[in-house]
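Biologist: I would like to get to know this chain before I plan my reading around it. Could you show it to me and then walk me through it?

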Amino acid sequence: MNTLLEVRDLHVQVADRTLVDDVSLTVGAAESVGLVGESGSGKSLSIRAAMRLLPRGLRASGEIVFDGKDVLTTSRKELARYRAGEVALIHQDPRAHINPSRTVGQFVTEGVVDTRRMPAAQAWEAACALMRDVGIVDAERRMHQYPHQLSGGLLQRVMIVAALLPGPRLIFADEPTTALDVTVQSEVMAVLLEQIREQGRSLLFLTHDLDLAAAVTDRLAVMYAGTIVETGRSAELCARPLHPYTAGLLRSRPSATQVRRLQAIPGRPIAAYEAGAGCPFSARCAFAQERCHSERPPRRVLEGREVACHRAEEVAGSLRERAS
Ligand SMILES: Nc1ncnc2c1ncn2[C@@H]1O[C@H](COP(=O)(O)OP(=O)(O)OP(=O)(O)O)[C@@H](O)[C@H]1O
Ligand SMILES: [Mg+2]
């Protein structure tokens, strides 16, 4: 598979604080990848860095290569082209990212019209067609309405249309359904995935929901304290976690078919800058030994996956014992 996006050794810092610590990640052409982690683990900052859209005062270092070009060093002109046509971002909270005084039609079409990718009339037609594709029945009428006249679920569909209209090759979806009701969540997710798969686009899906991510992606990267602790094919990673944090996430979720006591991970998540010299997860880890507290585990390949844990073999072994 051709690699479309490659993030290498990404660090994000504010003053002397590290917020994202050594993130490396790839997304292939037409591949869906999930970036999973608790609140504050650094998911949003990683993709904002990948779009060179970090908040003021934050600095990114490392390499972000999209289709062979380094996003962090590319020219302003190239960057504008990249943001307007190659990638798109769907946010968690659509209302916070739409101008309330502009109509839906203006909002959806302005990007492609301003960058001269499409004349206004063609953009309008294409937007209406896409609105219908994502299940908005009265597309023409909706295009003339204002954001406050639309429900949250409908507005997120509009956001999906705005993201898809320029024909981006990669979509960053940052918790796109978290703010919606559960029933609406699955519909919106299904619509987004259908569009991405039909058009052969790539997806980087950010969520705290490991089950949801596993269900909709080809590969997963699990983040903890600003760094990626495990990556692998989604089904394999969930069936057989190699990192104790992944194993803990899997044990702490409710089962749809079984009532049982949930096993929460003890302690609280930490930010990257709170981690000491050792493994950032060591304070909460049942497998931790002395060296875990003093020596940062490198990323290494095990069973065809990548994991940053000194004791991954023992983690896998103990899970095997429990299953048998
Ligand atoms: N503008 C900023 N200035 C300083 N620190 C920031 C800023 N934005 C984020 N952070 C910090 O960086 C860390 C990572 O934040 P980020 O928003 O990437 O987390 P996240 O994984 O997306 O979490 P969530 O699930 O809550 O969206 C957090 O500790 C956060 O407090
Ligand atoms: Mg976030």
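Modeller: Happy to, and let me start with a term we will need: a residue is buried if 20 or more other C-beta atoms lie within 10 Å of its own. Please also keep in mind that this is a predicted model.

Biologist: Good, then let's use that term on helix α1. How many of the eight residues of α1 are buried?

Modeller: The buried residues in α1 are Lys43, Leu45, Ser46, Ile47, Ala49 and Ala50. The helix is therefore largely enclosed by the rest of the structure, and the number of its eight residues that are buried is six.

Biologist: There is a ligand in the picture too. Which helix gives the largest share of the shell around ligand 1?

Modeller: The shell around ligand 1 holds 14 residues, and the closest are Leu19, Ser39, Lys43, Ser44 and Leu45. By class, six residues of this shell are nonpolar, seven are polar and one is charged. The largest share, three residues, comes from the helix spanning residues 43–50, α1.

Biologist: Which residue with a positive phi follows α1?

Modeller: Helix α1 covers residues 43–50. The phi of the residue in question is near 55°, and that residue is arginine 52.

Biologist: Now the strands, please. Is β3 largely enclosed or left open by the rest of the structure?

Modeller: Side chains in a regular strand alternate between the two faces of the sheet. In β3, Ser32, Gly34 and Val36 point one way while Val33 and Leu35 point the other way, and all are buried. Five of the five residues of β3 (residues 32–36) are buried, so the strand is largely enclosed.

Biologist: Which strands pair with β3, and in which sense?

Modeller: On one hand, five bridges join β3 to β8 (residues 202–207), and leucine 35 stands opposite leucine 206 there. On the other, four bridges join β3 to β9 (residues 219–224), where the bridge partner of valine 36 is valine 222. The partners are thus β8 and β9, and in both pairs the strands run parallel.

Biologist: Which strands stand at the edges of the open sheet of eight strands?

Modeller: The order of that sheet is β6-β7-β8-β3-β9-β10-β12-β11, with mixed pairing. Neighbouring strands are turned by 20° against each other on average, direction ignored. Each edge strand has a single partner, so one side of each is left without a neighbour in the sheet; these strands are β6 (87–90) and β11 (300–302).

Biologist: That sheet has mixed pairing. In which sense do β10 and β12 pair?

Modeller: Strand β10 covers residues 227–233 and β12 covers residues 305–307. Threonine 231 stands opposite glutamate 306 in β12. Two bridges link these strands, and the sense is antiparallel.

Biologist: What about the start of the chain: what do β1 and β2 form?

Modeller: Strand β1 (residues 3–14) pairs with β2 over nine bridges in the antiparallel sense, and threonine 3 stands opposite glycine 28. Two residues lie between the strands, and alanine 15 in the turn has a positive phi of about 50°. Together β1 and β2 form a hairpin.

Biologist: How many bridges join β1 to β4?

Modeller: These strands run antiparallel, with β4 covering residues 58–66. Valine 14 stands opposite leucine 58 in β4. The number of bridges joining β1 to β4 is eight.

Biologist: Let's step back to the domains. Which element supplies the largest share of the side of domain 1 that touches domain 2?

Modeller: The domain assignment gives domain 1 (3–221) and domain 2 (242–323), and 30 Å separate their centres, taken over C-alpha atoms. In the contact, 11 residues of domain 1 meet seven residues of domain 2, and the domain 1 side divides into three nonpolar, four polar and four charged residues. The largest share of that side, five residues, comes from β2.

Biologist: One last point on loops. Does arginine 116 count as buried or exposed?

Modeller: Arginine 116 lies in the loop between α3 (104–114) and α4 (120–133), and has a positive phi of about 60° although it is not a glycine. A residue with 12 or fewer C-beta neighbours within 10 Å is classed as exposed. Because arginine 116 has 8 such neighbours, it counts as exposed.

Note on methods
Residues numbered from 1 in each chain as written. Chains lettered and ligands numbered in written order. Predicted model: local features only at pLDDT ≥ 70, side-chain atom pairs only at ≥ 80, totals over all residues. Near = placed C-beta within 6 Å. Nonpolar A, V, L, I, M, F, W, Y, C, P; charged D, E, K, R; others polar. Domains from an automatic or database assignment. Contact = placed C-beta atoms within 7 Å. Pairing = 2+ DSSP bridges. Axes fitted to C-alpha atoms, helices over the stretch in contact; angles between N-to-C directions.
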